[in-house]
Amino acid sequence: MSISRRDFLAAGAAGAGLLALPSSARTILRPKPRKLLVLGGTGFLGPHFVEIARKHGHTLTLFNRGKTNPDKFSGEQFNDIEQLHGDRKSDMKALEGDRQWDAVLDTSAYLPADVTRSAKLLASRVKQYLIVSTISVYAKNDAPNDETSPLAVLADPNVTEVTGETYGGLKALCEQAAERELPGRTTVVRPGLIVGPGDNSDRFTYWPARADRGGEILAPGSAADPTQFIDVRDLAAFLLATIEGGRFGIYNADAAPGSLTMGALLSECQHAAKAKSSVTWVPADFLEAQKVSPWQDMPAWIPARGEYAGFGRTSVAKARAAGLQQRPLRETVSATLDWWRALPEERRAKPKAGIAATREAEVLKAWHESKKAKP
């Protein structure tokens, strides 16, 4: 078949852009199969990457402790996936020797010592080291960040406890550790909030699950407030695209700034839900007075002001030019809700993020009473 120049350029020379073409065209343009090593692979992002990499015909080796979702890739249908067990902190014997891979995807990089250990071991036997980092590496959020923005610096670079205070700084050190061991052969992808089916944190899932319960929904700020997150499937496709396209360097991976608002998110959640609901927008100042926290009580939301004035506006221009795609919000919400509904009832009864139902009712009551009290 013939492929027009316009279709070729629109799809991109490699990677995620190929998904936009007919299957026959993808077969012609798809890069040669590669040998890929995944450090992790059975958590949230890993399985989505494994799935798309298999569809593209790549050979996969997974290295992990065998503790998280140990049966994820069990069965004859997964005989093509090699699974090695060990611990990147203390036992990497399974990766020793002279075996080579075209690229390694590090999905479990949290401490720089761990990255140094694995990167040093593999440096002479892999062509590319792809590390999943985070936009939390940036030192400030009072203005939109891009890949050149200053990074967080820890007061104690030897800290080994991952907390909300150290997470970004440690991730920045992980990036530097990989580049130090494989100079010029590292790819750093900095995603924002990763969402979609399989997300065990409930940080995004709270909203479609809340809409599915129906009734009056407490919503933060205003419908126009910005938010930013990336569907795990879009992220997995972009990670593979950087490997297939031989792309090195640093890329922010998130939704396009300005493309998502809290109003759009809540609207799509209501559309996907079975129950009827109404949304009550409560100003940030009132929520603060009620001790309702951004991000934890009200997931995916932070008031875009002051030190967080750049929230929801991280630049992803570089990644989009390299093939990052963003599926419709409706698809993300629908797939997430389908996944949530299929979980056991006891799991759904204990969400890990979002305001508790009783507390939500209290805040809504206080808000309505405050409106009545005004002359």
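Which elements do the buried residues of α4 pack against? In this predicted model, the buried residues of α4 pack against three strands and one helix: β1 (35-39), β4 (101-106), β5 (126-132) and α5 (167-181). Helix α4 itself spans residues 112-122. Its buried residues are P112, D114, V115, T116, S118, A119 and L122. Residues three or four places apart on an α-helix point the same way, because such a helix has 3.6 residues a turn. Several of the buried positions in α4 follow that spacing, among them V115, S118 and L122.

The overall architecture comes next. The protein contains 13 helices and 11 strands. Its 375 residues give a radius of gyration of 22 Å. A compact globule with that number of residues would have a value near 21 Å, so the two agree. Along the principal axes, the C-alpha atoms occupy a box of roughly 75 × 55 × 40 Å. Buried residues account for 49% of the 375. Contacts between residues with a separation of 6 or more are dominated by distant pairs: 77% of them join residues 24 or more positions apart.

The surface was examined for composition and charge. About 17600 Å² is exposed. Carbon and sulfur atoms supply 51% of that area. The protein carries 49 positive and 43 negative charges. Their mean positions lie 3 Å apart.

Helix α3 (residues 45-55) is mostly covered, with eight of its 11 residues buried. These residues are L45, G46, P47, H48, F49, V50, I52 and A53. Their cover includes the strands β1, β2 (59-64), β3 (81-85), β4 and β5. Helix α7 also contributes to the cover of α3. Strands β1, β4 and β5 thus appear again, as they also pack against the buried residues of α4. Just after α3, G57 adopts a positive phi of about 85°.

Strand β5 can be followed through one of its residues, L130. L130 is buried, because its relative accessible area is 0% and the cut-off is 20%. Beyond its neighbours within four places in sequence, L130 is in contact with V104, L105 and D106, among others. Further contacts of L130 are T187, V189, L239, T242 and I243. V104, L105 and D106 fall within the range of β4, residues 101-106. L239, T242 and I243 fall within the range of α7, residues 232-244. A long span in sequence separates L130 from A373: the two are 243 residues apart. In space, their C-alpha atoms are 57 Å apart.

Helix α7 (residues 232-244) also holds D234. Is D234 buried or exposed? D234 counts as buried, because its relative accessibility is 9% and the cut-off is 20%. Its contacts, leaving out residues up to four places away in sequence, are L324, Q325, Q326 and R327.

Two residues in the loop between α9 and α10 have unusual backbone angles for their residue type. The loop runs between α9 (284-289) and α10 (317-321), and K291 is found there. K291 has a positive phi of about 60°, although K291 is not a glycine. A300 lies in that loop as well. A300 is not a glycine either, yet its phi is positive at about 70°.

The surroundings of these two loop residues contrast. K291 is exposed, because its relative accessible area of 73% is over 50%. A300 is buried, because its relative accessibility of 1% is under 20%. What does A300 touch, not counting residues up to four places away in sequence? Its contacts are L193, R203, W207, T227, M262, W295 and F311. One of these partners, M262, is 38 residues from A300 in sequence. The C-alpha atoms of A300 and M262 are 8.3 Å apart.

Cysteines were considered last. How many disulfides does a search of the whole structure find? The search finds zero. C174 is buried, because its relative accessible area of 1% is under 20%. C269 is buried as well, with a relative accessible area of 0%. C174 falls within the range of α5, residues 167-181.

Key: Residues are numbered from 1 along each chain as its sequence is written. This is a predicted model: local features need pLDDT of at least 70, side-chain atom pairs count only at pLDDT 80 or more; totals for chains, interfaces and linings use all residues. Side-chain values use heavy atoms; hydrogens and water are left out. Helices (H or I, at least four residues) and strands (E, at least two) are DSSP runs, numbered from the N terminus. Buried means under 20% relative accessible area, exposed over 50%, partly exposed in between (1.4 Å probe, protein chains only). The radius of gyration is taken over C-alpha atoms; the globule rule is 2.2 Å times the number of residues to the power 0.38. Contact means heavy atoms within 4.5 Å. Accessible areas come from the Shrake-Rupley method with a 1.4 Å probe; for residues, only the protein chains shown count as cover. Lys and Arg count as positive and Asp and Glu as negative; His and the chain ends are not counted. The place of a charge is taken as NZ of Lys, CZ of Arg, CG of Asp or CD of Glu. A disulfide is a pair of cysteine sulfur atoms within 2.5 Å.
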